[in-house]
Structures are given as structure tokens and as C-alpha cells.
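Subject: Structure handover

Dear colleague,

Please find below the structure I said I would pass on. My notes on it follow underneath.

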Amino acid sequence: MASQNMDPEAASSTAALKGNETGGSAAKGSVTKRLQQELMTLMMSGDKGISAFPESDNLFKWIGTIDGAQGTVYEGLRYKLSFEFPSGYPYKAPRVKFITHCFHPNVDDQGFICLDILKDKWSALYDVRSILLSIQSLLGEPNNESPLNTTAAGLWDNQEAFKAHLMSAYEN
């Protein structure tokens, strides 16, 4: 199972050094195929409260949406996110950030998200759907052990005060 995170692009560059003609365009084609497959899976999944589509005709840049989960302070709110997929995807994690301002312990002022599956716990088995579901889950269950936003982390235990601050900062 260790091969799930082996980057074929790295293998193809080694092959190119040995004189073989493999690499960039083939790797980009496989990324394109993977992203098309993920788009279809996401559209057919029927998951409530999440969606994502390519931005214009660029398959390597997507816009996603997440609805706040029921029973959380984020219920009734919708957030937009941007996805940028590297040429080494799915062996390299996409860059994901909030476009809509998100007041949350694990989201900084620029919209960057502190989530292990987007960093050191990334696996090629993850897809856009699993990323969206993980971020949606993170909204209601932050990791206050490693906050990016210390103000939000400090308010989290007082949900009434947190929601008041959240609503004053929310932009639709």
C-alpha cells in the first residue's frame, strides 16, 4: 500500500534521465483524467451541503462550496473555497483555501486552513469530495490544539459569543 503515495512524475523524471521519453504531458493527462473522474463522482454522490466545479475551463482550478453542518454555529452559512491542483496531483495535495471569510480556529485571515490531510497526512486516496467533507466536519469540530486564529480559538468554548463574532464577520 506504500505505492499509493508514489509520485509517477518523479519516476518519469528519473526515466527521462536514463533517456526515455516519458514525463510531463503524460502526467498532466493522467491528472486531467483523475480530475474529470472526481468531478463526475462528486456530481453523482448526492452529498448535501458540498459541491465543487472547475473554474471556467481550467480543470486545475476549482471553486467549491460548503454549507455549515446542522447543529453547529455554522448552520445556515455557505462558504466558497478555491482548489488549485498541482501537476503531481493526486500524489501532491491541492492548495485549498476559503474565499469567503471564515472565522474559525483553524483558518487564518487569508483563508488558509490548518488540516492535517492537506499537509503531512495527505494521501493519494483522498479526493475533492473527501476534502470538502473533512473541511465541513472541521467547521463544527475545530482542533484548538493548533489554532491559526487564536481569537476564534479563545472564543470557541463560549458558543454564544463565538456565534456573535462569526455572524459579524460573515460575508455571503
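F53 has I63 of β2 as its bridge partner. Likewise, the bridge partner of S51 in β2 is T65. These pairs belong to the antiparallel pairing of β1 and β2, which runs over six bridges. Please keep in mind throughout that the model is predicted.

The next pairing is between β2 and β3, which run antiparallel and are joined by seven bridges. There, W62 stands opposite F83 of β3. Taken as a whole, the sheet is open and has four strands in the order β1-β2-β3-β4, paired antiparallel. β1 and β4 are the edge strands; each has a single partner, so one side of each has no neighbour in the sheet. On average, neighbouring strands of this sheet are turned by 25° against each other, direction ignored. As general background, strands of a sheet pair through backbone hydrogen bonds, in a parallel or an antiparallel manner.

Two backbone details are worth a look.

The first concerns the hairpin of β1 and β2, where two residues lie between the strands and S56 takes a positive phi near 50°. S56 is not a glycine, yet its phi is positive. The residue sits in the loop between β1 and β2, and with a relative accessibility of 65% it counts as exposed.

The second is a cis peptide bond between Y89 and P90, with omega at about 10°. P90 is located in the loop between β3 and β4 (95-98).

Now the charged pairs. How many salt bridges does a search of the whole structure find? It finds three. In general terms, side chains of opposite charge can pair when their charged atoms come close.

R34 and E38 form one of them, with 2.6 Å from N to O. Both residues lie in helix α2 (residues 24-45); because they are four residues apart there, about one helical turn separates them. Are these two residues buried or exposed? R34 is at 18% relative accessibility and therefore counts as buried, the cut-off being under 20%. E38 is buried too, with a relative accessible area of 6%.

Another salt bridge is made by the side chains of R129 and D47, at 2.4 Å from N to O. This pair links distant parts of the chain, with R129 in helix α3 (residues 128-140) and D47 in the loop between α2 and β1 (50-55), 82 residues apart. R129 is partly exposed, at a relative accessible area of 30%, and D47 is partly exposed at 23%.

The remaining salt bridge I have to report is between R78 and D67, whose closest N and O atoms are 2.6 Å apart. R78 is in strand β3 (residues 78-84) and D67 is in strand β2 (residues 58-67), so the pair ties together parts that are 11 residues apart in sequence. The two strands are the ones joined by seven bridges. For R78 the relative accessible area is 45%, which counts as partly exposed; D67, at 22% relative accessibility, counts as partly exposed as well.

On the surface there is a nonpolar patch formed by M40, M43, M44 and F53, which together have about 460 Å² of accessible area. Helix α2 supplies the largest share of this patch, three residues. One patch member, M44, has its place in helix α2 and is exposed, with a relative accessible area of 65%. F53 of the patch is the residue whose bridge partner is I63.

Finally, a note on H165, which is found in helix α5 (residues 159-169). What does H165 touch, leaving out residues up to four places away in sequence? The contacts are F103 and L155. H165 is partly exposed, with a relative accessible area of 32%. Its C-alpha atom is separated by 8.6 Å from that of A152, a residue 13 places away along the chain.

Regards

Terms used
Residues are numbered from 1 along each chain as its sequence is written. This is a predicted model: local features need pLDDT of at least 70, side-chain atom pairs count only at pLDDT 80 or more; totals for chains, interfaces and linings use all residues. Side-chain values use heavy atoms; hydrogens and water are left out. A salt bridge is a side-chain nitrogen of Lys or Arg within 4 Å of a carboxyl oxygen of Asp or Glu. Buried means under 20% relative accessible area, exposed over 50%, partly exposed in between (1.4 Å probe, protein chains only). Patches are made of residues with over 30% relative accessible area and no salt bridge: like charges are joined within 9 Å, nonpolar side chains (Val, Leu, Ile, Met, Phe, Trp, Tyr) within 5 Å. Accessible areas come from the Shrake-Rupley method with a 1.4 Å probe; for residues, only the protein chains shown count as cover. Contact means heavy atoms within 4.5 Å. Two strands pair if DSSP finds at least two bridges between them. Axes are lines fitted to C-alpha atoms, for helices over the stretch in contact, and angles run from 0 to 180 degrees between N-to-C directions.
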